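Thanks for coming, everyone. I'll walk through one model and keep it quick. Please look at the screen.

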Amino acid sequence: MRAFSDEKERSTSLNTKSPSAVWERVTSTMKIPPGSIRSSVFTLVTSTVGSGVLSLPFATSQSGAIPAILLIIGAASTAYFSIWMLLKCSELSAEQGGTACTYQQLAGKCGGLKFLKFTKWVLVINLFGTTVAYMVVIATIVPAAIEAMSSSVDPNAWYLQRWFILLFVVAFIEMPLGLMKEMNALRYTSIIAIFWSLYLTTITIVEYFEMCGDASDDNSPKCFSESFQDERIVWGPTTFAGFAQTVPIMIFAYTCQPNVLPVYLEMSRPSPGRMLRVGRISITICTCIYVAISLFGYLTFTDNVEGDYLLNDYKHHREVLAGGFGLVLSVALCIPLFVHAGRFNIMGGQSSSKSNGVDAPYSQIPEPMESAIFDEVDSMNQDQMNGHSGNHENGTNTWAQYVFNPEVMHYWTTILWLIAAYGIASSIENIAIVIGILGSTTIPIISFVLPTIFMSCLANGRYRLQRYIAIILTIVVCVFCLANLLYQIKDFAGK
């Protein structure tokens, strides 16, 4: 596969007074250069660990401790397998002329323009839905944590209302970070997000051991050795309905596929081997976090664990409240990553202009590239300009060229994305609604169905074992996800 352009020399080629030069020197000093394996790992972990972690203890209560741990490991393995399929398909696509470096380009090579459009909007809907889910988490945890900190706080105060909390977060965090032109620019915010994820994991473990065996509290959890003598805690109810609820949550927790190829594109020396290494490290970190939180969060409250386990009664311990605020920060820093990936898909990886000798966003995409998305956008722009050329040729052409200029699209797609997500998240109080829809529809399509189709189309008879494994995994996952969706519809109808 054709290599992307290497990272520019820092000290000799950049003006030391420019912001880009300062940024380059900072990254060099902290030894996390843009496009490095460390930077890519931070970005991928941050975009993976998010709101899904809050439901893992509840998922464990539906399946039992041991089955849940096995399902987490299984979900991690399937996530890595899907990453391998995406990278392998990108490599195989070069045999047809031009390397496909995005979901859309892979879809274009496998099924033409219609399949490309379908894939594009599945990705966009999933990324947008995940943005909404993360905003719902923020709007739920912040007021609950503030109320727990002080009994004198009025829960009806204007500053605790969902609309105000989200407005503040969107205006002062999401919009500035979302407007950044490269995900590499978020690698230091990713460090913050990873820190709080690890902190929350540690606090969940510590709180369990502090609360277990408390003789003064009749509702205190059983100690570790005693818990694993209870077969219901160890093996759970072992029902199909329980597993149907657990599997989509596990899959949602490992949803990183939409960000894999954009991260791959921004690597300084991209290769399938280096990206697979990034995937292995990232998934290992996520698995350690998930096992700890799912197990100890469940053991603390067992069958009474809430869908969002931080809403359980931790007796107003300040360490847990700090963990809640830290998770909010982590989730808030994830949202710009989804905005970037969504914008990347909407724009189809168009190259924006370069200025001041510094590479502009998306400029690392190899040229020439046989991208059906590029052709689609160009055709759309041309049709829009020609459609009005008879009446207002000059004015319309100028307007269309301005609106669909990559630099301008970068801003209006970001702004509209965040405004729409804010409006929806402000009216939804239960994150299970969003996760249930995504976990049973777009996520299995993106994580399993599409990579399996790509692999079947591009392998040309090779990798037969891997293709069979992919087909079996896809069928099993889709059965559980469909069952979960039907159970949710049934519960909703029963209410």
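**Helix packing, cores and a few odd residues**

Let's start with a helix pair. Helix α3, residues 37-48, packs against helix α14, residues 318-347, at an angle of about 105 degrees. Their axes are 9 Å apart. An angle from 65 to 115 degrees counts as roughly perpendicular, and α3 and α14 are therefore roughly perpendicular to each other. Keep in mind that this is a predicted model.

Who touches whom here? From α3 we have T43, T46 and S47. From α14 they meet C334, L337 and F338. By class, that contact has three nonpolar, three polar and no charged residues.

Stay on α14, and turn to helix α17, residues 406-425. The axes of α14 and α17 come within 10 Å and cross at roughly 130 degrees. So α14 and α17 are oblique to each other. Their crossing is right-handed.

On the α14 side, the contact uses I335, F338, V339, G342, R343, I346 and M347. On the α17 side, it uses P406, M409, H410, T413, T414, W417 and L418. The class count for α14 with α17 is nine nonpolar, four polar and one charged. Note F338: it meets α3, and it meets α17 too.

A third pair. Helix α5 covers residues 65-92, and helix α13 covers residues 272-301. They pack at about 165 degrees, axes 10 Å apart. Over 145 degrees counts as roughly antiparallel, so α5 is roughly antiparallel to α13. This crossing is right-handed.

The contact list for this pair is on the screen, so I'll pick from it. α5 brings, among others, A65, I69, W84, L87 and E91. α13 brings residues including M275, R280, Y290 and L295. By class, α5 with α13 has 17 nonpolar, three polar and two charged residues.

Now the whole chain. How many helices and strands does the protein chain have? The secondary structure comes to 20 helices and zero strands. Buried residues make up 55% of the 495 residues. Take contacts between residues at least 6 apart in sequence: 79% of them join residues at least 24 apart.

On to the cores. The largest nonpolar core has 112 residues. Which of them have the most contacts inside it? They are I138, Y254, M275, Y290 and F454. Helix α6, residues 103-149, gives the most to this core, with 20 residues.

Look at M275 on its own. Leave aside its neighbours within four places in sequence. M275 is then in contact with L44, L87, V260, V263, Y264 and M267. We have met M275 already, in the contact of α13 with α5. The same goes for L87, on the α5 side.

There is another core, apart from the largest one, of nine residues. Among them are A65, I69, L295 and F296. A65, I69 and L295 also take part in the α5 and α13 contact.

Next, two buried residues with partners far along the chain. V170 sits in helix α7, residues 162-178. Is V170 buried or exposed? Its relative accessibility is 9%, so V170 counts as buried. V170 and A332 are 162 residues apart in sequence. In space, their C-alpha atoms are 8.8 Å apart. Beyond four places in sequence, V170 is in contact with M135, M175, P176, L418 and Y422. L418 was in the α17 list against α14.

The second is S440, in helix α18, residues 431-440. At 11% relative accessibility, S440 counts as buried. S440 and I251 are 189 residues apart along the chain. Their C-alpha atoms are separated by 9.6 Å. Not counting residues up to four places away, S440 touches C481, N484 and L485.

Last stop: backbone angles. Most residues other than glycine have a negative phi. N460 is not a glycine, yet it has a positive phi of about 55 degrees. Where is N460? In the loop between α19, 442-458, and α20, 464-494. N460 is exposed, with a relative accessible area of 56%.

Y463 has a positive phi of about 55 degrees as well, and is not a glycine. Y463 lies in the loop between α19 and α20. Y463 is partly exposed, at a relative accessible area of 29%.

That's my tour. Thanks.

Terms used
Residues numbered from 1 in each chain as written. Predicted model: local features only at pLDDT ≥ 70, side-chain atom pairs only at ≥ 80, totals over all residues. Heavy atoms only, no water. Axes fitted to C-alpha atoms, helices over the stretch in contact; angles between N-to-C directions. Helix = DSSP H or I, 4+ residues; strand = E, 2+ residues; numbered from the N terminus. Parallel < 35°, antiparallel > 145°, perpendicular 65-115°, else oblique. Contact = heavy atoms within 4.5 Å. Nonpolar A, V, L, I, M, F, W, Y, C, P; charged D, E, K, R; others polar. Left-handed = near helix turned anticlockwise from the far one by under 90°. Core = buried A, V, L, I, M, F, W, Y, C linked by side-chain atoms within 4.5 Å. Buried < 20%, exposed > 50% of the residue type's maximum accessible area, 1.4 Å probe, protein only.
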